[in-house]
Amino acid sequence: MRAKRILVSVLSFSLCAGQLTVPAASAAEKNVPAYEMTSDLTEATPLKAAVKDTAAAAAITPTANIQATDINALGDVNNDKFIDANDASLILKTYVRISNNLASGLSFEQANAADVNKDHHIDSIDASCILSYYSYLSTNGTLSLEAYLNADKPLPVTTTASATTKATTTTTTKTTTAAPKTTTTSKITSTSTTKAVTTTSTSSSKTTNAPTTTTTTTTASTTTTTTKATTAATTTTTAATTTSAVQTTTAVTTSYVNPYKVQEIKLSKTEMTLTVGDGGGISYVTMLPQTVTDYRDVWSCSDESVAVVDNEGWIFPLSEGNCIVTVQSLNNPLVKAEIKVTVKDPNRVNSIKLSKYSMSIPIGGGDISYVTMLPANATNKKEIWKSSDESVAKVDASGWVSGISEGTCTVTVSSKSNPDVKASINVTVTDPKQVRELKLSKYEMDLLIGTTDISYVTILPTTALKQDVVWTSSNPAIASVDNWGNVYGVAAGKCVISVISKANPNIKADIAVSVHTRPVIVTSTTTT
C-alpha cells in the first residue's frame with residue numbers, strides 16, 4: 001500500500017509538471033472524451049485515441065460510482081459520476097491557474113468537490129488524495145472517498161532490514177537445551193531488536209521431551225532477547241540475554257617508498273652555542289635511508305647579522321644574539337632539519353656611564369654629556385642618540401644637545417652593538433629673554449620698631465628683557481615694604497616680605513622678617 005502511495009505521489013508530481021497524460025479509461029467507460037494536461041497550460045483537449053471497448057476499460061480502470069445528482073460529489077470535479085484521474089487532472093490544472101493569478105474556471109459546486117481535504121484550498125494535495133483513492137480502488141477497495149480519507153488505516157506488520165555499513169558481520173549462536181521428561185505447555189513471546197532490523201512475532205509452542213534449538217542472528221549490532229515462560233506448575237521464569245557483536249576493520253595501506261629519495265635528515269647536534277671571535281662550529285648531517293645516493297643539501301640562516309653558514313654547514317658567529325640555521329635536502333626539499341644557534345660576545349657593551357645626567361640649556365644654546373662604554377675592551381662602542389621631543393631639544397650623532405624651544409625632554413644614548421644597554425639625560429630648555437629666577441642678598445631680617453633694612457635682588461637670566469618686580473608684605477601692620485625693597489619695622493611680630501617677577505608671577509623670593517621692641521642682644525662665648 002505504501003509503495004502505491006509513493007507511486008501516486010510521483011504521478012501527482014508528474015501531472016503538476018505537465019509531463020504525463022491523464023488516464024482515460026474511466027472516461028471511455030462513459031463515452032466522455034478524456035482530458036490531458038499540456039505543458040503550455042491551455043484548455044484540456046480530447047485524447048486522439050479513446051478506449052473502444054467500454055467493458056474492457058471498466059474492467060481495467062477502477063472507479064467509484066456515484067449516484068446521479070446535479071450536485072458534484074466530493075472528488076467528482078467533472079461530475080461524470082466517477083472519481084478518477086480525470087478529476088485529479090482537472091484539480092491540478094485549476095491549481096496551476098490559481099498559482100498564476102488566473103481564474104480557477106470552476107463553478108461553486110466544482111470548487112467544493114475539488115477541495116477534497118477541506119482545507120479551503122485547491123492544490124496538488126487534493127489531487128494527490130484523489131490519486132491515492134484511485135489507487136485504493138485498484139486494489140478492490142470498497143470505501144467511499146470520505147470514509148477512505150477519515151479511516152484510521154492500520155499498517156500491516158512488516159520486517160525491514162537496512163544495512164548501514166558496507167561490511168556486514170553475521171554471528172550465529174546455536175543453543176541446545178534438553179527439556180525435562182514432563183510435558184510442559186507454555187506461551188512464549190519474543191521480541192528481537194537490532195539496529196535497522198525489527199522483527200515482531202507472537203507464537204505458542206508445546207515441548208515434550210525434545211531438545212530445543214534457538215538461533216540468534218545479528219548484523220553488526222546489539223540484539224536483546226527477553227523470554228517469559230509460564231509452566232503448568234505456575235512457575236514463572238524470566239530470562240534476559242544480551243549479545244553484542246563488535247566488528248573491527250583494520251585497513252592496511254601499502255605504498256611504494258623510493259629507496260633513493262631522502263626521507264629524513266638527522267643532525268649530530270640540534271643546538272649550538274658559539275662565541276664571537278672563535279672559529280665557529282658545525283653539526284654533521286646524516287641523510288636517511290642509507291640507500292640514498294644524492295646527499296646534496298642547502299644551508300640557510302634566519303639572521304645573518306648574528307651568524308652565517310657556508311655551503312658545507314660551517315656556522316660562523318658574528319654578533320651576540322639568537323638565530324636558526326636550516327639544512328634542506330636538495331633531493332627532497334620537503335625534508336629539512338634545524339639548529340638553534342646562540343651567539344655570545346664577551347666583548348659586547350654591557351653598561352654606559354655619563355658625565356652628567358641632567359642639563360639646563362637656553363634656547364639656541366647647547367651642552368654635552370660624555371659617554372663611557374663598558375667593558376673597556378668592548379669591540380663595538382658605537383653610540384645611538386635620540387631625543388624624546390625634538391621640538392624642545394635635538395641631539396646629534398656625537399651627543400651634542402641643542403635647545404630649540406622652552407620645555408623639557410629626555411635624551412637617550414644606547415649601544416649599537418647591544419641596544420638593550422642605554423642611559424638617559426633630563427634636558428631643560430629655557431628662554432633667555434624670560435625671568436627664570438630671583439636671588440636675594442639676604443633671606444632673613446631682624447628689625448627694631450621704627451628701623452629699616454633692605455635685601456638686594458638679582459634677576460636671572462641677566463638677559464631677561466622684563467626685569468620689573470613687585471614687593472609685598474604678608475602683614476603690613478608688623479613690617480611694610482616700598483617699591484624699592486626697603487623694609488620698615490612697624491610693630492613687634494613676624495611676617496614675610498615677598499618679591500615677585502612682574503613678567504612671570506610664578507617666579508618669586510621670600511624674606512622672613514622679625515620686628516622687636518628693643519635691641520636684640522647677641523651673646524658670644526670665646527674659648528682660649
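This short talk goes through one buried aspartate, one helix and two sheets of a predicted model.

Some conventions to begin with. The model is predicted, so I took local features only at pLDDT of at least 70 and side-chain atom pairs only at pLDDT 80 or more, while totals for chains, interfaces and linings use all residues. Residues are numbered from 1 along each chain as its sequence is written, and side-chain values use heavy atoms, with hydrogens and water left out. Helices (H or I, at least four residues) and strands (E, at least two) are DSSP runs, numbered from the N terminus.

Let me start with D76. This residue sits in the loop between helix 3 (54-60) and helix 4 (85-99). D76 is buried and has no salt bridge. Buried here is under 20% relative accessible area, with a 1.4 Å probe and protein chains only; a salt bridge needs a side-chain nitrogen of Lys or Arg within 4 Å of a carboxyl oxygen of Asp or Glu. The nearest side chain of opposite charge is K81, at 5.1 Å. What does the D76 side chain reach instead? One target is the backbone nitrogen of D80, at 3.1 Å, and another is the backbone nitrogen of K81, at 2.8 Å.

Next, helix 6, residues 124-138. At 1.5 Å a residue, its 15 residues should span 21 Å, and the end C-alpha atoms are indeed 21 Å apart. The expected span is 1.5 Å times one less than the number of residues. Eleven of the 15 residues are buried, so helix 6 is largely enclosed by the rest of the structure. Among them are D126, C129 and the pair Y133 and Y134. At the N-terminal end, D123 acts as a cap, with a side-chain oxygen 3.2 Å from the backbone nitrogen of I125. After the helix comes N140, with a positive phi near 65°.

Now the sheets. Two strands pair if DSSP finds at least two bridges between them. One open sheet has three strands in the order 30-34-33, paired antiparallel. Its edge strands are strand 30 (452-454) and strand 33 (479-481), each pairing on one side only. Strand 30 and strand 34 (residues 486-489) share three bridges, and T452 has Y488 as its bridge partner.

The other open sheet has four strands, order 20-27-26-23, with mixed pairing. Strand 20 (358-362) and strand 23 (383-387) each have a single partner strand, so one side of each is left without a neighbour in the sheet. Strand 20 pairs with strand 27 (residues 422-430) in the parallel sense over five bridges, and S358 stands opposite N426.

Terms used:
Buried < 20%, exposed > 50% of the residue type's maximum accessible area, 1.4 Å probe, protein only. Lys, Arg positive; Asp, Glu negative; His and termini not counted. Polar contact = N/O pair within 3.5 Å; in protein donor to acceptor, adjacent residues only side chain to side chain.
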